Amino acid sequence: MAEKFRMENGLLLSDTTMVEFADGCADAGTFVPGTHEAGEVVPCPGCDGEHRIASVLQVEVAHNITVTKAEPADDDEPGT
Ligand SMILES: [Zn+2]
């Protein structure tokens, strides 16, 4: 499945799903590109197999962020 990108507030975003696999291949949350639901079988990013999804958490990933310097956040954007 190809990732779908979109621009939103200057961020290049794509949908990603953090999944827990029913057979416990990965013991923590694993990120799978695209939008998926519990019960779907998807290719495993951690091995060559496929697994059934036990639970999901939909997230968005921003691809065009570069952190150049850490400093105190004193200029929060309005509307966020
Ligand atoms: Zn696996």
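The following is a conversation about the strands, loops and exposure in this predicted model.

Visitor: What should I know about the model and its numbering?
Guide: The model is predicted; local features need pLDDT of at least 70, side-chain atom pairs count only at pLDDT 80 or more, and totals for chains, interfaces and linings use all residues. Residues are numbered from 1 along each chain as its sequence is written.

Visitor: What makes a stretch of the protein chain a strand or a helix, and how many of each are there?
Guide: Both are DSSP runs, numbered from the N terminus: helices are H or I with at least four residues, strands are E with at least two. By that rule the protein chain has five strands and zero helices. From the N terminus on, the order reads β-β-β-β-β.

Visitor: How do you know that E2 and E5 pair?
Guide: Two strands pair if DSSP finds at least two bridges between them. E2 (residues 11-21) and E5 (residues 50-62) are joined by nine bridges, so they pair. The two strands run antiparallel. Val19 stands opposite Val56 in E5. Phe21 stands opposite Ile53 in E5.

Visitor: Which strand joins E2 over four bridges and has Arg6 in a bridge?
Guide: That is E1 (residues 5-8), antiparallel to E2. The partner of Arg6 in E2 is Leu13.

Visitor: How do you know that E2 and E3 pair?
Guide: Four bridges link E2 with E3 (residues 30-33), so the requirement for pairing is met. The sense is antiparallel. Met18 stands opposite Phe31 in E3.

Visitor: What makes E4 and E5 partners?
Guide: E4 (residues 41-43) and E5 share three bridges, so they too count as paired, in the antiparallel sense. Val41 has Arg52 in E5 as its bridge partner. E4 and E5 form a hairpin, with six residues between them.

Visitor: Where does Gly46 lie, and why is Gly46 called exposed?
Guide: Gly46 is in the loop between E4 and E5. A residue is exposed if 12 or fewer other C-beta atoms lie within 10 Å of its own, buried if 20 or more do, and partly exposed in between; C-beta atoms are placed from the backbone. Gly46 has 10 such neighbours, so it is exposed. The C-alpha atoms of Gly46 and Phe31 are 9.9 Å apart, with their positions 15 residues apart in sequence counted as the separation.

Visitor: What is notable in the phi of Asn9, and why is Asn9 called exposed?
Guide: Phi of Asn9 is near 55 degrees, a positive value in a residue other than glycine. Asn9 lies in the loop between E1 and E2. Those strands form a hairpin with two residues between them. Asn9 has 9 other C-beta atoms within 10 Å, so it counts as exposed.

Visitor: Why is His36 called partly exposed?
Guide: His36 has 19 other C-beta atoms within 10 Å, so it falls in the partly exposed range. The place of His36 is the loop between E3 and E4. The C-alpha atoms of His36 and Val19 are separated by 8.5 Å, at 17 residues apart along the chain.

Visitor: What makes two residues a contact, and which ones does His36 touch?
Guide: Two residues are in contact if their C-beta atoms, placed from the backbone, lie within 7 Å. Not counting residues up to four places away in sequence, His36 touches Thr17, Val19, Val42, Ile53 and Val56.

Visitor: Why is Val56 called partly exposed?
Guide: Val56 has 18 C-beta neighbours inside 10 Å, so it is partly exposed. Val56 sits in strand E5. Beyond four places away in sequence, Val56 touches Thr17, Val19, His36, Glu37 and Ala38. Val56 and Val19 are 37 residues apart along the chain, yet their C-alpha atoms are separated by 4.5 Å.

Visitor: Why is Gly39 called exposed, and which residues does Gly39 touch?
Guide: Gly39 has 11 other C-beta atoms within 10 Å, so it is exposed. Gly39 is in the loop between E3 and E4. Not counting residues up to four places away, Gly39 touches Arg52 and Ile53. Gly39 and Arg52 are 13 residues apart in sequence and 5.7 Å apart in space, C-alpha to C-alpha.

Visitor: How many of the residues count as buried?
Guide: Of the 80 residues of the protein chain, 6% count as buried. Among contacts between residues at least 6 apart in sequence, 41% join residues at least 24 apart.
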